[in-house]
Each structure stands twice: as C-alpha cells, then as structure tokens.
Amino acid sequence: MKTETPFKRAVAAIAGVVIAFTGPSYAASAADTTTTTEGTATSETSTDTDTTAAETTSEAEEQEQQEEIEWYKATLDDYDDSLSLISYEASPESGNSGAKKKNKKPTPVELNVTGGYVGDIPWFESEPEIESTPGKFAIVTYGWGHGVGMSQNGANFYATYSDWTYQDILFHYYPDTYLMDTCVDDEDEITVNGVSGDVLSMVSQIVFNEVGGTMSYEAIKAQAVAVYTYCMYHNGDSADLRCKPHPPQVVVDAVSDVLGQALFYDDDYALTMFSASSGGITANCSEVFWANLPYLRSVSSDYDACYDPHYGTVTYIDDFQLRNMIEAAYNIKLSDEPARWIQPEYSDETGYVTYVNIDDQLTVKGYEFKLALNLKSSKFNVFYTPRPEGEDIPHGTSEIEVVDADYRYTPGVVYPNNQPTNIGDPNSPADEPEDPTEETTEDTTEETTGEDTSEPTAIEDTTSEEGTTETASEAPVGETTDQVQTAN
C-alpha cells in the first residue's frame, strides 16, 4: 500500500492542473463529485447557468437511481421467502490479499453489544443411529461447509435464543476484529462474478442468496456486514459469491441498516469467511486451509447440536462405490482392506479432520477429502461394516444415500416490521409446546431399528492412542462451550 501513495498523489496533482486550466463546465462537474474545500470553492465561482445545469443533471441522476431500485418497494408476498443456505467453499489462498481499496477514511461504528446469556440448551446425549449393512461405509458429518468463520445457522440461533445483536455475532465469530463505517456513497459499486452494481443492490442479493429472508433480523444484518467486508477484502471484486435477484424487503432493510460497515483487523479489511453451519464449533483456519489468520480461529457455536439440520448427517456409501470415487479422485489403486482406505487425523481442539491417510499411500487435507467425496463437512466420523469373511468386494456402481438429521422445530421470529415467520420445520405449529429431545429420540429409534445385528466399526486415527474419533463425535454434543471460545 505504501508504494501506491506517491503514485496516487501524482495523479491527483496532474488532475488538479488539468481542472485549473479548463473551462467552467469542468469546474461544475468537479463540484458534483468531490467534497474537498478546493472543489467547493470552485463550485461557488461557477455561473448561474452552470449551477442550474448541475442541479438539473443531479435531479435526473437521482430520478434514474430511484427508478433502478423501485423493485425494492415490492411487498414480501411477491417474493420467495424460503431459507436457502449454501455452503461457502472459497479458500483464503484463492483470494486477493493485496492492497485494499479505501476511498474514504473509515470511522468507528457505535457499539451495541449485549453479551446475551447463552444457556438452557436442550441436551442430546446420543449420536445419530447408524444402520449397519455389511460392505457399506457410514460417514457422519457435523455442519455444512468449511466451518471457518461465521456459522450462518449459528448466528441465527444466537440471535433467536440469546437476543444477540449483529455486533455480538460478528465479534464472536471474528474475534479481535473491530467495526468501522466506510462511508459508502450511492454511486459506490462492487463487482460480483463479473457483474457490477451499487453496493445496496449487490449486497442485498448476495445476502438473499446466502441466508434467504426468514432468518432473524440481526443475523441477516451480521451476514450483510460479512458479505460487504469480504467483497472489500477482495478490492470490491468478488468472483466466488453469487447474487439471487429480488430480495425481500426485510433483507433490503437489514442491509440498509448496516450498509458500509465492515470488520477490520490491523487497519485493514478482514477476510470474513462464512459457511452454513459448523457442527457445534468452528474450525481454526489452518486446520481446513493453510493460512493461519488470528481472527479466523475456533469458537463455539452452541446451539448446533440441538437445532441445526446439518448436525449429524449420515452418508451411506457401498465399499465398491467408495473405491471408485477415491481411485478416480486421486489416481491410485486401493488395497482389498477397506478399513485402511480412510484413516482420519483429528484436531484435538475442534474435532475437525485435518488430514486423511488414504490406504497408507498418500495423505491429503481433510477439507480436500471432503470435497472429493462431496461430504457436507470436513468434521466427520467414519464407520465401516465388514463383509463376511472370504467375500470379495464386487465391481460396479451404486447410489449414495444421504440421511439428514431430523429438523427440530424452533420458535417463530418476529421482525421489526411485524411480519412473523418461522425457521425449522414449517409443518410444526408454533403454539404447541413440544419436547424435541423425546420426539427425536423416539423417531430415531423407530427409523433405525432393523433385523441386522452387525455393528459398524469406527475408523480411528491409527497414529493416536487416545482415540481421536471420540473427540470428533463428542465435542459438539456436550463439551463445545467449555472447549474454546470465534470467523466469509
């Protein structure tokens, strides 16, 4: 950034000379695009004709902008309000970490943190029941996405159950960052996947694509800040985010409330990564990727085990189908011992799979392996039920079965504009008290009880004597709050 400053000053000086030696029409134009003292003085010396022309141009531009954003005034009934979480999968290494654009001097944002109480969380003692079938792998994942940075579901739960503000959420998931107002103007633009537009329009569409329009208002605001910060970290040009047109008014309102606010670390934009959910605890950035950013470190995501529909997803894969997938992804020939194919190495702190030893032939990052097998998360446990002794593994292909955790009903969220909505199971009546623990336990028992008495074998890290598989499965359930304290 230091090498750019003299160049920018030189350009500014040349521009000043050009303006000084040009006619009054250029002076009027400069007065419309700058707020400096020199620009103001030049504007005051302009003729009445120039002033009238500038005012007419300004009114025309304002009218044009109003026409462009007129679609924002539609009612919620005109839009799809469905919750549409996506898994954010970009890595910090793929981003542009060069000089960032700061056209205006940022100013601190007034703090509004509550430190809301986190507690009274229902206790779930058991892991998902696993159907045991000889020759089949069962991979249990916790969360959706890379798990680094803000958990979108986690943010919603904190806002819903602990009355956290968007600042509480941001400072939790991005520790040691601070919030600044970058003073966004109406004409400021950002670019997303090659398409440029004004900040309000683009951020609103990205937020709508990321979390839909049914989350808690404060969670939507937190997502808006994370999205804008992430874009500015990449110089206002983000190729890996996506827009969803026609965001509902509640999303636009939430974005407007925090427009231009960004998280900073060490006097620069922070890399505000996020994903759908993080399985009870977020991952340290270096556990998933290679970068070790101090504000992208592990923190709790307390409500996931109780309310996150992505907590405890079970993926069933036949051994011969898994062999096809691994051999195709890594161009190797696996042995005839399926128990050796996937040997995870777990983080003692978070339970995420940091590395996977594949059949004692190669070792890859856990996140890379998650992508190769199209798993929801790199926080997973692996179980395999062996075939009868002497039975060969056949050749061929088969379908992969994914069994998501039961949706547990969560109370309705009421927005400031008095438009109620629900998250969780839309078929559950809001006025009927339920015990989610008992209901889930009964449902799970009925669905997983079968005649096969074979027991799957957990595949553990063979380099550890302490059984790291237990760390991965138990940490999010009951020990998340005590283990660590948060980072799109």
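Begin by selecting K376 and D404 in this predicted model. Their side chains meet in a salt bridge, with N and O 2.7 Å apart. K376 belongs to the loop between α13 (366-372) and β14 (380-385), while D404 belongs to the loop between β15 (401-403) and β16 (413-414), so the pair ties together parts that are 28 residues apart in sequence. K376 counts as buried, because its relative accessibility is 17% and the limit for buried is under 20%. D404, at 38% relative accessibility, counts as partly exposed.

**Other salt bridges**

Next, select E337, R340, D359 and D360. Salt bridges that share partners join these four residues, E337, R340, D359 and D360, into one network. Keep R340 and D359 in view and add S335, which touches both R340 and D359 as well as W341 and Q361, leaving aside residues up to four places away in sequence. S335 is situated in the loop between α12 (319-330) and β11 (343-346). With a relative accessibility of 19%, S335 counts as buried.

Move now to D176 and R297. These two residues form a salt bridge whose closest N and O atoms are 2.9 Å apart. What does this pair tie together? D176 sits in the loop between α6 (166-173) and β4 (178-181), and R297 sits in the loop between α10 (285-288) and α11 (304-307), so the bridge links parts that are 121 residues apart in sequence. D176 is exposed, with a relative accessible area of 52%, whereas R297 is partly exposed, with a relative accessible area of 30%.

A further pair to select is K221 and E218. Here the closest N and O atoms of the salt bridge are 3.1 Å apart. K221 and E218 both lie in helix α8 (residues 217-233), separated by 3 residues, or about one turn of the helix. K221 counts as buried, at 11% relative accessibility. In the whole structure, a search finds 9 salt bridges.

**From helix α8 to helix α7**

Leave α8 displayed and add helix α7 (residues 199-211). The two helices, α7 and α8, pack at an angle of about 120°, and their axes are 9 Å apart. At that angle, α7 is oblique to α8. Which residues make the contact? On the α7 side they are V199, V203, I206, V207, E210 and V211; on the α8 side they are I220, Q223, A224, V227, Y228 and C231. The crossing of α7 past α8 is right-handed.

**The sheet beside α7**

Follow α7 to the strands, since this helix lies across β5 and β6, running at about 115° to β6. Display β5, β6 and β7 together. These 3 strands form an open sheet in the order β6-β5-β7, with mixed pairing. Both β6 (195-198) and β7 (237-238) stand at the edges with a single partner strand each, so one side of each is left without a neighbour in the sheet.

Within this sheet, look at the two pairings in turn. β5 and β6 run antiparallel and are joined by 4 bridges. T191 stands opposite S196 in β6. β5 and β6 form a hairpin with 2 residues between them, and N193 in the turn has a positive phi of about 55°. On the other pairing, strand β5 (residues 189-192) meets β7 in the parallel sense over 2 bridges. V192 is the residue to select there, as V192 stands opposite S238 in β7.

**Two buried glutamines**

Select Q261, placed in strand β8 (residues 261-264). Is Q261 buried or exposed? Q261 is buried, with a relative accessible area of 10%. To see its surroundings, add V109, Y166, L179, M180, D181, V225, Y228 and T229, which Q261 touches when residues up to four places away in sequence are not counted. Among these neighbours is Y228, which also takes part in the contact between α7 and α8.

The last stop is Q152, found in helix α5 (residues 152-162). Q152 is buried, with a relative accessible area of 1%. Select I169 as well and compare the C-alpha positions: Q152 and I169 are 17 residues apart in sequence and 9.9 Å apart in space.

Definitions and conventions. Residues are numbered from 1 along each chain as its sequence is written. This is a predicted model: local features need pLDDT of at least 70, side-chain atom pairs count only at pLDDT 80 or more; totals for chains, interfaces and linings use all residues. Side-chain values use heavy atoms; hydrogens and water are left out. Buried means under 20% relative accessible area, exposed over 50%, partly exposed in between (1.4 Å probe, protein chains only). Two strands pair if DSSP finds at least two bridges between them. Contact means heavy atoms within 4.5 Å. Axes are lines fitted to C-alpha atoms, for helices over the stretch in contact, and angles run from 0 to 180 degrees between N-to-C directions. Angles under 35 degrees count as roughly parallel, over 145 as roughly antiparallel, 65 to 115 as roughly perpendicular and the rest as oblique. A crossing is left-handed if the near helix is turned anticlockwise from the far one by less than a right angle, and right-handed if clockwise.
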